[in-house]
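This report describes selected helices and loops of one protein structure. The sequence and the structure come before the text.

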Amino acid sequence: MPAQGKSLAMEKRPSVSDLLDIMAQLRHPDTGCPWDVEQDFKSIAPYTIEEAYEVADAIARGDMPSLKDELGDLLFQAVFHARMAEEQKLFDFGDVVEAVCRKMIRRHPHVFADAVIRDSDAQTESWEAIKAKERADKKAADSGHSAPSILDDVPTALPALKRAEKLQKRAARVGFDWPDATPVFDKIREELDELEAEVKAGATPQRVEDELGDLLFAVVNLARKVNVEPGSALRQTNLKFERRFHFIEGMLAEQGKMPQDATLDEMETLWQRAKTEAVK
């Protein structure tokens, strides 16, 4: 480890070891960064989630230089958590690497053992079966008996769309699923009608929220049935909305106006123009 409080020489290409040393210096109780020293697992978790989103954003924008930087930031988050765990004598970064290596080998028996898997769909089935066994084994070890739920270990902190998708996929593995997309369209119409009825009846916010949640859950089901990742679809639509609204702002600016100076009809006309002029 480098001397406390001294900068690391970057004469050669830095390695993961250098990153671990930097993290150790940042967390040193006497000479480290006060902000870094004050952090714990809970306070850092939101930053970890934020960095994962920034990775996804760089990918969505096709910005490879930014992707390189964002992946580094995400790696730093893993190093940060591992360092805090090491300080508490729970585990260290080497244990993290060992655990993920063992997991990847265990979950790819067709690559690292003699199993034969015919295609990516079969690989997905195999992966999920192995994960299910791991969950059952963990449940048995923790509680002393083997009675896991198929929905165990779907993290509550996941984004709601992703968690809905994961819950549905877990239930589908035991046959609780529609055979295809057709009945899902009917379910969406049913949920939309129920939501509309509650709104028109002046229902409480809680009732409206409940019906809206049912509608969103059904839409996630449809996305799953047509092989679309719902979060990705919504991110792309968000970006499309931004581009088209920027077009509206630009057209209004040419008229000496800002959006708040225009009528809804004027903005709607420009929105339709943005669509026809291929502002995708």
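Helix H11 has 25 residues, which at 1.5 Å a residue should span 36 Å, and its end C-alpha atoms are 36 Å apart, in agreement. The expected span of a helix is 1.5 Å times one less than its number of residues. Helices here are DSSP runs (H or I, at least four residues), numbered from the N terminus.

The structure is a predicted model: local features need pLDDT of at least 70, side-chain atom pairs count only at pLDDT 80 or more, and totals for chains, interfaces and linings use all residues. Residues are numbered from 1 along each chain as its sequence is written, and side-chain values use heavy atoms, with hydrogens and water left out.

**Helix H11 and its surroundings**

At the start of H11, a side-chain oxygen of Glu229 comes to within 3.2 Å of the backbone nitrogen of Gly231. This is judged as a polar contact, a pair of N or O atoms within 3.5 Å; within protein, one must be able to donate a hydrogen and the other to accept it, and residues adjacent in sequence count only if both atoms are side-chain atoms. Just after H11, Gly256 has a positive phi of about 75°.

The buried residues of H11 are Pro230, Gly231, Leu239, Arg244, Phe247, Ile248, Met251 and Leu252. Buried means under 20% relative accessible area, exposed over 50%, and partly exposed in between (1.4 Å probe, protein chains only). The cover over these H11 residues includes H3 (41–61), H8, H10 and H12. Contact means heavy atoms within 4.5 Å.

**H8 against H10**

Two of the covering helices also pack on one another. H8 (residues 160–172) and H10 (residues 205–225) meet at an angle of about 65°, with their axes 9 Å apart. The axes are lines fitted to C-alpha atoms over the stretch in contact, and angles run from 0 to 180 degrees between N-to-C directions. On the H8 side, Leu161, Ala164, Glu165, Gln168, Lys169 and Ala172 take part, and they meet Phe217, Val220, Asn221 and Arg224 in H10. By class, the contact of H8 with H10 has five nonpolar, two polar and three charged residues.

**Helices H5 and H1**

H5 (residues 93–107) has 15 residues and reaches 21 Å from its first C-alpha to its last, close to the 21 Å expected at 1.5 Å a residue. At its start, a side-chain oxygen of Asp92 lies within 3.1 Å of the backbone nitrogen of Gly94.

In H1 (residues 16–26), the buried residues are Asp18, Leu19, Asp21, Met23, Ala24 and Gln25. They pack against H2 (34–38) and H4.

**Loop residues**

Four loop residues are set side by side below.

| Residue | Loop between | Relative accessible area |
|---|---|---|
| Lys89 | H4 (64–87) and H5 | 75%, exposed |
| Asp153 | H7 (120–143) and H8 | 49%, partly exposed |
| Pro179 | H8 and H9 (182–200) | 72%, exposed |
| Met258 | H11 (230–254) and H12 (264–276) | 47%, partly exposed |

Most residues other than glycine have a negative phi. Lys89, which is not a glycine, has a positive phi near 60°. Asp153 is not a glycine either, and its phi is positive at about 70°.

C-alpha to C-alpha, Pro179 and Phe112 are 34 Å apart in space and 67 residues apart in sequence. Met258 and Val208 are 50 residues apart in sequence and 34 Å apart in space, C-alpha to C-alpha.

Key:
Ala, Val, Leu, Ile, Met, Phe, Trp, Tyr, Cys and Pro count as nonpolar, Asp, Glu, Lys and Arg as charged, and the others, Gly among them, as polar.
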